[in-house]
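Hi everyone, thanks for coming. Let me put the structure up on the screen, and then we can walk through it together.

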Amino acid sequence: MAVNKGPALLDGDLPEQENVLQRVMQLPVVSGTCECFQKTYTSTKEAHPLVASVCNAYEKGMQGASSLAAWSMEPVVRRLSTQCESSW
């Protein structure tokens, strides 16, 4: 598994701080576990149509909920980002 080295530095710029989740996902034990879970989840959905329909409904619901959460948080994030930029 390749390790992401991050962006190259240009003219002494500091690289952007990596997201904590991205760094955790790069750990071999975490990425291996997620890969194993994904394979099991996919094979279970393929083998059991009833489970697949329940999982698909849940996935759609989660996509809708996350879209709604992102949409509702957008004004807050925009306002905080402008305040953080002006304070630096």
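Let's begin on the surface, where Val20, Val24, Leu27 and Val29 make a nonpolar patch of about 360 Å². Before I go further, please keep in mind that this is a predicted model. One member of that patch, Val24, sits in helix H1, which covers residues 20–25. Val24 is partly exposed, and its relative accessible area is 34%.

Now to the charged side chains. How many salt bridges does the structure hold? There are 3 salt bridges, and I'd like to visit each of them.

Start with Lys39 and Glu35, whose side chains meet in a salt bridge at 3.7 Å, N to O. Both residues belong to helix H2, residues 28–47, and they are 4 residues apart, about one turn of the helix. Are these two buried or exposed? Lys39 is exposed, with 55% relative accessible area, while Glu35 counts as partly exposed at 42%.

Next come Lys45 and Glu59, with a salt bridge of 3.1 Å, N to O, between their side chains. Lys45 is in helix H2 and Glu59 is in helix H3, residues 49–87, so this pair ties together parts that are 14 residues apart in sequence. Glu59 counts as partly exposed, with a relative accessibility of 27%.

For the last pair, look along helix H3. The side chains of Arg78 and Glu74 form a salt bridge there, at 3.6 Å, N to O. Arg78 and Glu74 are 4 residues apart in helix H3, which puts about one helical turn between them. Arg78 counts as partly exposed at 49% relative accessibility, and Glu74 also counts as partly exposed, at 42%.

Finally, a word on the cysteines. How many disulfides are there? The count comes to 0. Why is Cys34 not bonded to Cys36? The closest cysteine sulfur to that of Cys34 is in Cys36, 10.0 Å away, and that is too far for a bond. To be counted as a disulfide, the two sulfur atoms would have to be within 2.5 Å. Turning to Cys36, this residue is in no disulfide either, and its nearest cysteine sulfur is that of Cys34. As for accessibility, Cys34 is partly exposed at 35%, and Cys36 counts as partly exposed at 48%.

That's my tour. Thanks for listening, and I'm happy to go back to any part of it.

Methods: Residues are numbered from 1 along each chain as its sequence is written. This is a predicted model: local features need pLDDT of at least 70, side-chain atom pairs count only at pLDDT 80 or more; totals for chains, interfaces and linings use all residues. Side-chain values use heavy atoms; hydrogens and water are left out. A salt bridge is a side-chain nitrogen of Lys or Arg within 4 Å of a carboxyl oxygen of Asp or Glu. Helices (H or I, at least four residues) and strands (E, at least two) are DSSP runs, numbered from the N terminus. Buried means under 20% relative accessible area, exposed over 50%, partly exposed in between (1.4 Å probe, protein chains only). Patches are made of residues with over 30% relative accessible area and no salt bridge: like charges are joined within 9 Å, nonpolar side chains (Val, Leu, Ile, Met, Phe, Trp, Tyr) within 5 Å. Accessible areas come from the Shrake-Rupley method with a 1.4 Å probe; for residues, only the protein chains shown count as cover.
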